[in-house]
Amino acid sequence: DTGYLIGYRGNVLNSLQNVINNVANNDTAERVRVLLNIGGYKEKREKDLQDLAEKIAGTVIRRKKAITLEPMTSYERKIIHSKLQENTKVETHSIGEEPNRKVVISLKK
């Protein structure tokens, strides 16, 4: 079952990737970046986050009130920011400190 290797919202997958990167870069002069993906999880998660960004942007526009998302990794926050970057009605910014940093989606001023 790949679910055990992926974990809740990819937490186990991200941790495994960090460990593998640390091992791969131990005592080396040249930095290597290892990307770990199990069962196409990262592509599915990226699509889910893009869909979420669009949905929340629509809600912000309708309600005229900012919405703060749950804490996310920097990679996940970047997906949200990138998806809404071209939106002419909403803007995004991050608040908080790692690991509890969150994206805020609000109306453009």
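Is the crossing of H3 and H4 left-handed or right-handed? In this predicted model, the crossing of these two helices is right-handed.

**How H3 and H4 meet**

Let's look at that pair a little longer. Helix H3 spans residues 41-63 and helix H4 spans residues 74-84; their axes come within 9 Å and cross at roughly 50°. That angle makes H3 oblique to H4. On the H3 side, the residues in contact are Lys42, Arg45, Glu46, Leu49, Gln50, Ala53, Glu54 and Ala57. Their partners in H4 are Tyr75, Glu76, Ile79, Ile80, Lys83 and Leu84. If you sort the residues of this contact by character, seven are nonpolar, one is polar and six are charged.

**The largest pocket**

Next, have a look at the largest pocket, which holds about 400 Å³ of space. Its lining is made of 16 residues, and those nearest the centre are Asn14, Gln17, Arg33, Lys42 and Tyr75. Helix H2 (11-24), H3 and H4 are the elements that give two or more residues to this lining. H2 provides the largest share, with five residues. Two names here may ring a bell: Lys42 and Tyr75 also take part in the contact between H3 and H4.

Here is how the residues divide in the two places:

| Group of residues | Nonpolar | Polar | Charged |
|---|---|---|---|
| Contact of H3 with H4 | seven residues | one residue | six residues |
| Lining of the largest pocket | four residues | seven residues | five residues |

**Two backbone details in loops**

Most residues other than glycine have a negative phi, and most peptide bonds are trans. With that in mind, two spots deserve a look. Arginine 9 has a positive phi, near 50°, and this residue sits in the loop between helix H1 (2-6) and H2. Further along, the peptide bond from glutamate 98 to proline 99 is cis, with omega near 5°. Proline 99 belongs to the loop between strand E2 (90-95) and strand E3 (102-107).

Technical notes
Residues numbered from 1 in each chain as written. Predicted model: local features only at pLDDT ≥ 70, side-chain atom pairs only at ≥ 80, totals over all residues. Heavy atoms only, no water. Axes fitted to C-alpha atoms, helices over the stretch in contact; angles between N-to-C directions. Helix = DSSP H or I, 4+ residues; strand = E, 2+ residues; numbered from the N terminus. Parallel < 35°, antiparallel > 145°, perpendicular 65-115°, else oblique. Left-handed = near helix turned anticlockwise from the far one by under 90°. Contact = heavy atoms within 4.5 Å. Nonpolar A, V, L, I, M, F, W, Y, C, P; charged D, E, K, R; others polar. 1 Å grid on protein atoms, 1.4 Å probe; cavity = no way out; pocket = protein on both sides within 12 Å on 5 of 7 lines; lining within 4 Å. Points joined across faces, edges and corners; volume = space filled by probe spheres on them.
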